[in-house]
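Reader: Could you take me through one part of this model up close? I would enjoy a connected account rather than a list.

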Amino acid sequence: MPWRYNYLTALPHLCSEEIPQGLTKPAWILQNQQLADELSIDLNAPQWLTLLAGNQQRHKSYAQVYSGHQFGSYTPKLGDGRGVFLGERQHQQGFWYEVFLKGSGTTAYSRHGDGRATLNACIKEFLASEAMYHLDIATTRSLGVIQGNNKIMRDTQHHAAITVRVNQSHIRFGHFQYARWGMHNNPQALQQLLNFTLREFFPELACDQQGYQAWFAKVVKRTATLVAKWQSIGFTHGAMNTDNMAILGDTIDYGTFAFLDTYNESLIADPSDYEGHYAFNMQPAIALWNLRKLADAVDTLIDGEAMQSSLNQFQQHLVTAFLDHMCPRMGLARHLGDRQLLDVIDTWRSLLQQAKLDYSYSMRLLSQYTGSNSQQLWPQLTQLAPMKSWLQQFHQLVKAFDSNWRQQRQNYNPAVILRNGYCQQAIEQAKVGNLKPLQDLYVAIQRPYDEPTHAPYLSQPPAISI
Ligand code: AMP
Ligand code: MG
C-alpha cells in the first residue's frame, strides 16, 4: 500500500526533510495489533520493525515546524525536535493517518536536545493515548513502542525508545503562530496552512471568509468539548502549551499527564510547574487563553468580531459538554438545568476533596448505591456534615436508585483508570524483562468499564482500602 505525502507536498515551507537516526537492536515492547491491521501494517514483519525503528533511511521522512506559547511565554521556533513523520497511511475506513516516530533522533528543530525519548516516556504515551481512546476522549493513537539498545542520559541513564504515534493531523495551534510570525519571506504561508487545514480536515467548509469563521467556531467547540471531558474523567495534561494543542481538538503530547487519584482540583502533573500554571482546575481557562492566541495568529484572515463571538461561546460549550459527560456518570437527568446540575456535581467533588477520596473509585461506587448504603460505600464522606444535605439534594434529583439505575452507572464510570502508580510498576517490571504486568495493564485499559480480570487491583488505588 502506498504512502501519501499531502502535508509535505502542500506545505514544504512548514517542514524539513529529515533522516531518522534509528535505534540499535530494536525490539517491540508494546504492539497495537488491531490498529496496525486497520492500517495494513504487519508489526511482526522485520521490514516494518526496521522502518518503524527509524532504520530504513531511504524512506522519505520529514519534521514539521511550529511555534508555541510555553507557560505563557512565546518561543518563536519549536518544531518536531525528536521525531519524524514517515508520511500518511490510509486506514481501512478511508481516512489517512500521519505516522510519526517519536524518539527517532535529532532534526533541524532539536535545539539542544538529543532527539530521543526514554522507554518510560514512550510506554506512558502509548498507554495514556490508548486509555483515552477507549474512554472515548479524542486523542492521537499509538501503534506500538520499540525499545533500542541505545542509552540516553536524563536524571539517570535510560534506554532509548520510539513510540509510533498516529493521527489524522498533527497540526497544532503553534503551526498557525509560526506561519503568521515566523515566515517573513512567505506572506502566503498562513493562508496556505489555513486552506490546507480546511481542505483536508473540514471539507464541508469553503475556503472563504464564511468558511474560515465557521472553522474557527468549530475549533473553539472541539477544544471546549475536549477539555470538558478531561475535567469529567479527571485528566490533567500538564503542558497545555499552544504547541501541544491540536487543531482537530485531540489530546496530543503525553509528556507530563496525570489522571486524578485522590480528588484534588489543583493537581499539578508537571513537577516543574511550580506555580500550577497548568493545574487540573486551570485547564478550561488555559484552553480559552490558547484559543485567543490562535485567534491572534489568524486575525489577518478572519474577521475579529466573528472570532470574538465564537470565543464568547466557549464557556457554554464547556458546560454543555461537561454535563453531557457527568450527568450519565452520576445518573442525573440532563433536563434539570445547568445551574442545579453544576451545583450538585461541584458539591460532590468538593466533598471528595475534603475527605481525600479517590475520584474514579468513588464515582464507580455509584454503581452500587441503593439509596441507603452511603455509609458502607463512602464511610469517610458520611462523617462530613454537608454530606447529609448533599445526599438529600441528590435523592430529590434522582428519585429511584433501582437496579437499572445502578447498572447504567457501570457503563459510564470506568473501573480501570491509568493510574501513575500502576503505570510505573508495570514499567519497572518491563525494564527488567517482565512484560506481563504491562500487557495486563494494556488489556485492562482497552475495556475500562469492565471489572478487570487480569489485574484486579486496578479498580481502586493501592493506598485506600474500603
Ligand atoms: P514537549 O515538551 O514534548 O511538548 O516538547 C517541546 C519542544 O521540545 C518540542 O519542539 C519538542 O520537539 C522539543 N523536544 C522535547 N524533547 C526533546 C529532545 N529530547 N530532543 C530534542 N527536542 C526535544
Ligand atoms: Mg510538544
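**A close look at domain 2**

Author: Happily! In this predicted model, the magnesium ion (ligand 2) is coordinated by N244 (OD1) and D253 (OD), at 1.9 to 2.2 Å. N244 is buried, its relative accessible area being 9%. D253 is buried too, with a value of 15%.

To place this in the chain, the domain assignment gives domain 1 (6-170), domain 2 (174-323), domain 3 (331-410) and domain 4 (420-459). Let us turn to how domain 2 meets domain 3. Their centres, taken over C-alpha atoms, are separated by 32 Å. At the interface, 15 residues of domain 2 are in contact with 13 residues of domain 3. Between them the two domains bury about 1200 Å², with 56% of that area on carbon and sulfur atoms. On the domain 2 side, Y263, F322 and L323 stand out: they supply 53% of the area this domain buries against domain 3, more than any other three residues.

What about polar links? Seven residue pairs are in polar contact across the interface of domain 2 and domain 3, both residues of each pair being at pLDDT 80 or more. Salt bridges across this interface, by contrast, number zero.

One last point concerns the cysteines. The count of disulfides comes to zero. For C122, the nearest cysteine sulfur is that of C423, 12 Å away. The two sulfurs are therefore too far apart for a bond. C122 is buried, with a relative accessible area of 1%, and C423 is buried at 0%.

Methods
Residues numbered from 1 in each chain as written. Chains lettered and ligands numbered in written order. Predicted model: local features only at pLDDT ≥ 70, side-chain atom pairs only at ≥ 80, totals over all residues. Heavy atoms only, no water. Donors = N, O, S within 2.8 Å, 3.2 Å for Na, K, Ca; no water. Buried < 20%, exposed > 50% of the residue type's maximum accessible area, 1.4 Å probe, protein only. Disulfide = S-S within 2.5 Å. Domains from an automatic or database assignment. Contact = heavy atoms within 4.5 Å. Buried area = accessible area lost by both parts, 1.4 Å probe. Salt bridge = Lys/Arg side-chain N within 4 Å of Asp/Glu carboxyl O. Polar contact = N/O pair within 3.5 Å; in protein donor to acceptor, adjacent residues only side chain to side chain.
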